[in-house]
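User: Got a model open here. Can you walk me through the helix packing and the empty spaces?

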Amino acid sequence: MTPIRCLSTDAILPEFILHTNIEQNNDSLMQADTLPLFYENSSDSIAVAPAYSLKEHVSGFEGVQVPYTLKGDDVVSAILMGCFLISAYVLASSKKYLVQQVKDFVLHRDRSSIFAVSTAADIRHLLLLILQTCVLSALCLFDFFVSRQPTLILYIPSYVLVAFYVGICFLYLLMKWLLYNIVGWAFFDKYQTELWMTSYATIIYYIGFILFFFTLFLVYFDLSLLYFVSISFLLIISTKILILYKWIKLFFNNVYGLFLLILYFCALEILPCIVMYRVLVQINNLLLIKF
């Protein structure tokens, strides 16, 4: 019978402690060796994971922003539709009176035809045409300044700019009306001044009709800035020539008044246009700063 060998705890304990210490040292060495590699791999995976997930899981591509155009603006389309309805209504209601106004302007009649008597309805229709001229002029100014300063439409809504330009055009016509009355009261008689105001109103009416067709081409045919400025200058020069023609017929019947004619023309026609343009430029810059 084989004898059982009994080991005392004093002999086993040192060997167990030695074996445990060796295993702990090996574990610490493994952790010390693999820990930097783990963090390095984890940092790489963190850096790569978002890019990889974006490439793998995001479908489609970045869209291209469509540039602003007048024909794509609902406000501009509504304004043009309203101007068309105003023109159709006025032509259907006061066509004879408007034709008579043109004849009186061209033929330089000192009194209107006895068959063309203005009524309250005609006056209301003519006021609508003046409003239409202001609105269409505001659309032209809106297109011009937005083409020169595209940031305007990015920060300010189109209807705010158009309403602002309509107000400026109305104030411009009101200022011209006051200047004409003051000059007529100071230097000419009341009858001549009334004839001139009627002739000037006739120019404003028909400028509104011309501006309607010009604005349609401007909006729906994408006229370049060069063509826009050229046609605008042509319309302005034609209007000033008509004003000069009427002034000569009404106020200056001799050569000696030519100097006064040039003086009045520059003071009442050229200078207000320049002042209005500079004021609009400064106000646009102020609006960009505020908004």
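Analyst: One definition before the cavity: Ala, Val, Leu, Ile, Met, Phe, Trp, Tyr, Cys and Pro count as nonpolar, Asp, Glu, Lys and Arg as charged, and the others, Gly among them, as polar. Also, this is a predicted model.

User: Fine. By class, what lines the largest cavity?

Analyst: Nine nonpolar residues, two polar ones and no charged ones.

User: Which residues are they?

Analyst: The lining consists of Y180, V183, G184, F188, T193, W196, W247, F251, F252, Y264 and L268. Helices α5 (158-187), α6 and α8 (258-290) each give two or more residues to this lining.

User: Which helix gives the largest share there?

Analyst: That is α5, with three residues.

User: How much space lies in that cavity?

Analyst: About 110 Å³.

User: And how many cavities of 30 Å³ or more does the structure hold?

Analyst: One.

User: Switching to pockets. What volume does the largest pocket have?

Analyst: About 1200 Å³. Its lining has 36 residues. Nearest the pocket centre lie L141, S232, I236, C273 and M276.

User: Which elements give two or more residues to that lining?

Analyst: They are α3 (120-148), α5, α6, α7 and α8. The most comes from α7, which gives twelve residues.

User: How do the pocket residues divide by class?

Analyst: The split is 29 nonpolar, four polar and three charged.

User: Now the helices. At what angle do α6 and α7 cross?

Analyst: Roughly 165°, and their axes come within 11 Å. Here α6 covers residues 190-220 and α7 covers residues 225-250. The angle makes α6 roughly antiparallel to α7.

User: Is that crossing left-handed or right-handed?

Analyst: The crossing of α6 and α7 is right-handed.

User: Which residues make the contact?

Analyst: From α6: Q192, L195, W196, S199, Y200, I203, I207, I210, L211, F214 and L218. From α7: F228, I231, S232, L235, T239, L242, I243, K246, W247 and L250. By class, the α6 and α7 contact has 16 nonpolar, four polar and one charged residues.

User: W247 was in the cavity list too, right? What about the other side of α7, how do α7 and α8 pack?

Analyst: Yes, W247 is one of the residues lining the largest cavity. As for α7 and α8, they pack at about 150°, with axes 11 Å apart. That makes α7 roughly antiparallel to α8, and the crossing is right-handed.

User: Which residues meet there?

Analyst: In α7, K240, I243, L244, W247 and I248. In α8, L261, Y264, F265, L268, E269 and C273. The contact of α7 with α8 has nine nonpolar, no polar and two charged residues.

User: Last topic, I153. Which helix is I153 in?

Analyst: I153 lies in α4, residues 151-155.

User: What does I153 contact, leaving aside neighbours within four places in sequence?

Analyst: Y68, F142, V146 and S158.

User: How many residues apart along the chain are I153 and Y68?

Analyst: They are 85 residues apart along the chain, with 8.0 Å between their C-alpha atoms.

Note on methods:
Residues numbered from 1 in each chain as written. Predicted model: local features only at pLDDT ≥ 70, side-chain atom pairs only at ≥ 80, totals over all residues. Heavy atoms only, no water. Axes fitted to C-alpha atoms, helices over the stretch in contact; angles between N-to-C directions. Helix = DSSP H or I, 4+ residues; strand = E, 2+ residues; numbered from the N terminus. Parallel < 35°, antiparallel > 145°, perpendicular 65-115°, else oblique. Left-handed = near helix turned anticlockwise from the far one by under 90°. Contact = heavy atoms within 4.5 Å. 1 Å grid on protein atoms, 1.4 Å probe; cavity = no way out; pocket = protein on both sides within 12 Å on 5 of 7 lines; lining within 4 Å. Points joined across faces, edges and corners; volume = space filled by probe spheres on them.
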